[in-house]
Number of protein chains: 2
Amino acid sequence: MPYQVYDTTLRDGAQREGISYSVVDKLGVARLLDEFGVGFIEGGWPGAMPKDTEFFKRARKELDLKHAQLVAFGATRKAGVAVNEDPQVRALLDAETPAVCLVAKSDIRHVERALRTTGAENLAMVRDTVAHFVANDRRVFLDCEHFFDGFRHDPAYTASVVQAALEAGAEVVVMCDTNGGMLPSRITAAITDLTGRLGIDANRLGIHCQNDTSCAVANTVAAVEAGVEHFQCTANGYGERPGNADLFAVVANLQLKLGLPVLPDGCLEQAMRVSHSIAEIANIAPDTHQAYVGAAAFAHKAGLHASAIKVDPLLYNHVEPSVVGNDMRILVTEMAGRASIELKSRELGIDLAGHPAELSRVTQRVKDLEAGGWSFEAADASFELLVRGELGEVTRPFALESYRVLVEHREDGAVVSEATAKVRVRGERVIATAEGNGPINALDEALRLALSKHYPELTSFVLADYKVRILEGSHGSGAVTRVLVETNDGRGRDFTTVGVHENVVEASWHALVDALTYGLDREPAVS
Amino acid sequence: MPYQVYDTTLRDGAQREGISYSVVDKLGVARLLDEFGVGFIEGGWPGAMPKDTEFFKRARKELDLKHAQLVAFGATRKAGVAVNEDPQVRALLDAETPAVCLVAKSDIRHVERALRTTGAENLAMVRDTVAHFVANDRRVFLDCEHFFDGFRHDPAYTASVVQAALEAGAEVVVMCDTNGGMLPSRITAAITDLTGRLGIDANRLGIHCQNDTSCAVANTVAAVEAGVEHFQCTANGYGERPGNADLFAVVANLQLKLGLPVLPDGCLEQAMRVSHSIAEIANIAPDTHQAYVGAAAFAHKAGLHASAIKVDPLLYNHVEPSVVGNDMRILVTEMAGRASIELKSRELGIDLAGHPAELSRVTQRVKDLEAGGWSFEAADASFELLVRGELGEVTRPFALESYRVLVEHREDGAVVSEATAKVRVRGERVIATAEGNGPINALDEALRLALSKHYPELTSFVLADYKVRILEGSHGSGAVTRVLVETNDGRGRDFTTVGVHENVVEASWHALVDALTYGLDREPAVS
């Protein structure tokens, strides 16, 4: 296929506020991108960043890529320096990648004011550096930084940079909207102008968009519609300022809306998994509302829609969610009412259609809890316990008598957390005390210790994630704390539970108890 | 001006997962939207939602709008029911708004399968309902639900719905991309086709886009470029699934990129404030990476850029940040180095240019702390303390000896939190104990009680926001907790401090101590 899906998550995407990848992180992201079927993975800037030099070294040994080629990023040679004496150019060759991507200034103002050299020397830098890498058997891509601003300010100069790179042997010259101010119609007009001026096909050009007008995805799609076949994106749109064009939305739009075969077969279905796994490595909460791959991308809340969806789900989704590895979800909220609760329960394998009284009770209970700050939108396990509790199907494994949690910062600077839980398990009163690296962890440990005799399977449970949200008292009540706990049962199953209380420890307690109850309820009894 | 900036934050935007406005919230959002200069505020669906009925009742008395007209949303009459006997139509009239927006089915499949009526009856419903409101002196907008899907499936039928509404007196007929699957080029093509078919000007049409392809803003802009003058958006793009077209990005693009006068003078500058205030009412953390109004929209992180920005800031921003009420920010991160730290310090009023040794020490200390999970990107006050600490300018108001925090869930179900802090203040050893509604609150109270004799001004300090993030141990270390504390000093000044530790209480302690130190350092000494 002619399309070059070029990912720069590991280089330009790493500019996003808050991201800091280790070398192991970068190797993990590269593996995921390859599974998604991208053609090129820009791994970093060897020489400029020690971590990136190390990445390319390890990548050669450790990465076994099925679809992608690795690309090392660097700059054209310094002004006034011979290309083979430029250490940055040397480091780029030493990365030993099949392809390199060189960034060049293409706005005469940046050449003169930031680079402090002449337009002619900048053109020589482009020619020399491209030719040098071509002579060293590299595929060469050239990123024209500030292309669109430059092309608007001085079209002749910016076009001459593109021409110099192509003449020197660059495979593709990439138009970068570095400051991100473009709109789709202007992308189309610039491509028409540039290709006419130089007498070239648009397939010699690439596109790289930042999202400062909230149009990065649309701008990228517009460029491809205008004949560009090389497009640079980042996973989840990570990048500086509002970010880059989101790889998943661009690829899904091209493949599902325009019918262009940009990924190998079977790859698009990995979109949601790859998106969320990369978010996890980047340590950024996945964006629930992200197009195609967000947890809410196919979530329906309105009572109006929820009832109509029962008639014909495909009339309410722009694509079949499974083609990007996503699912349709029905949200449990006060606006939805009985129809949504029934649908949501069915999604969890519980048929409430034949139980109108229970359905009414669950609906009322959800409304009451939501009025107090609870939310089941992200806590399917707590919702399932609630529904099955109303149906009389849940056995509570223990009853709480009391707990106590203590955190001390001692005079010697040591910080210790200790919790004691007193519970009744199968008729027996158990008291257990445990330490933890924080109050919630100590409480979790104490509770599991108290239950361990009767429920040894709990030892395999792991608290996988823990989220805290303070809900402001904007709805008439005081501030409350909402805790979401994600538990892994040690057998590959994850589930999320929720707790709400003005006290974070008590809120966490509720979520922990739901997690253990849900997990045990699904396990075969041992003792 | 001909443009109709139509906001539906309070109706369609309220479909977003997690949003639930009270009537007071809705009144507050309406005031903010009016300050931003929108022409129409769609307030809700009276009759269908009791809260919305109440909203319109109170809005008539309590809202004094400068720019906007209120719009009540509703549906065309029910199939087989006379329009003046339809209670939903009645409720819509009773809202007594100058304008109404009626939703109609315009995809024949939805007419037949979801509405379960005929195409002819649906047209009659449109004609009857529009005519009824026109006869009652209302401006009438008609939302064609699923317009684009319908127009693609059966263009003649969908066009006949538009025609029926216009003939019956609708001012504007709105093309809704309800399922959100459109791209800009297809929006343009559909408008050309429809206006040609009906022989109408595009200014009789409106646009309403959902963001399922990540193109809602671009689609809206494309429609305006094609002659549409009425566009429906929501603040921050809130809405079902991936949301709606973001009001702020659409308006900024139209005004700043296309030069169209869509807002009254002086309003665009309110964008950031209005965006963040609405986020606060909606109780959703503002999106740092939102175009134009996000805190990171003009934030520069890369060392490369940070040094060049000193030369010429405007070459690195696609618009001047102040035109949307935003600021350029320099981020303090490991990737940035000395240049960024120097710029950031200057932003905070500290000149490090003449102190190279201190600049090196601060840079090293930031790098070390960031390696341990600290982040100063959102905590300017902690960063300032760190820099001024290195310059020897910070006086620590007290020293900690030890603290102890206890949370108990007692047998009677009561949950209590208690903290004791032992500190040295100006040579005196003070022990104070306080209760709180949670462990952090108790610790905060105990610390302030201990300091209150020497620093009575602390009584006006309020803990305004408290955020907790668990950082996974993906960078070789164990999981740590990062706490951000926002403090208001009771004199209109807010500042944010950060603490990081594996124990949430200790992390909070660090952030609290920084908050009090920073706040006191800026106050005139009292005792």
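## Loop residues, barrel and chain contact in a predicted two-chain model

Ser214(B) sits in the loop that links strand S7 (205-209) to helix H9 (216-225) of chain B, where helices (H or I, at least four residues) and strands (E, at least two) are DSSP runs numbered from the N terminus. This is a predicted model, in which local features need pLDDT of at least 70 and side-chain atom pairs count only at pLDDT 80 or more, while totals for chains, interfaces and linings use all residues. Residues are numbered from 1 along each chain as its sequence is written, and chains are lettered from A and ligands numbered from 1 in the order in which they are written.

Although Ser214(B) is not a glycine, its phi is positive, at about 65 degrees. Arg116(A), found in the loop between H4 and helix H5 (119-135) of chain A, is likewise not a glycine and has a positive phi of about 55 degrees. The table sets out the surroundings of these loop residues and of Asp327(A), where a residue is buried if 20 or more other C-beta atoms, placed from the backbone, lie within 10 Å of its own, exposed if 12 or fewer, and partly exposed in between.

| Residue | C-beta neighbours within 10 Å | Class |
|---|---|---|
| Ser214(B) | 28 C-beta atoms | Ser214(B): buried |
| Arg116(A) | 9 C-beta atoms | Arg116(A): exposed |
| Asp327(A) | 12 C-beta atoms | Asp327(A): exposed |

Asp327(A) belongs to the loop between helix H12 (303-309) and strand S10 (329-330) of chain A. If residues up to four places away in sequence are left out, Asp327(A) touches Phe298(A) and Pro321(A), a contact being a pair of C-beta atoms, placed from the backbone, that lie within 7 Å. Between the C-alpha atoms of Asp327(A) and Arg396(A), which are 69 residues apart along the chain, the separation is 31 Å.

In chain A, eight strands close into a barrel with parallel pairing, in the order S1-S2-S3-S4-S5-S6-S7-S8, two strands being paired if DSSP finds at least two bridges between them. Neighbouring strands of this sheet are turned against each other by 25 degrees on average, direction ignored. Within chain A, four bridges join strand S2 (residues 40-44) to strand S3 (residues 69-75) in the parallel sense, and Gly44(A) stands opposite Ala72(A) in S3(A). H9(A) lies across strand S6 (172-177), strand S7 (205-209) and strand S8 (230-233) of chain A, at about 170 degrees to S7(A); axes are lines fitted to C-alpha atoms, for helices over the stretch in contact, and angles run from 0 to 180 degrees between N-to-C directions.

In chain B, the axes of helix H5 (residues 119-135) and helix H7 (residues 155-167) come within 8 Å and cross at roughly 20 degrees. H5(B) is therefore roughly parallel to H7(B), a description that covers angles under 35 degrees. Among the residues making this contact are Leu123(B) and Val126(B) of H5(B) and Val161(B) and Ala164(B) of H7(B).

The contact between the chains takes 91 residues from chain A and 91 residues from chain B. On the side of chain A that touches chain B, S11(A) gives the most, with nine residues. S11(A) is joined by seven bridges to strand S11 (residues 399-409) of chain B, and the two run antiparallel, with Tyr403(A) opposite His409(B) in S11(B).

Terms used:
Two residues are in contact if their C-beta atoms, placed from the backbone, lie within 7 Å. Angles under 35 degrees count as roughly parallel, over 145 as roughly antiparallel, 65 to 115 as roughly perpendicular and the rest as oblique.
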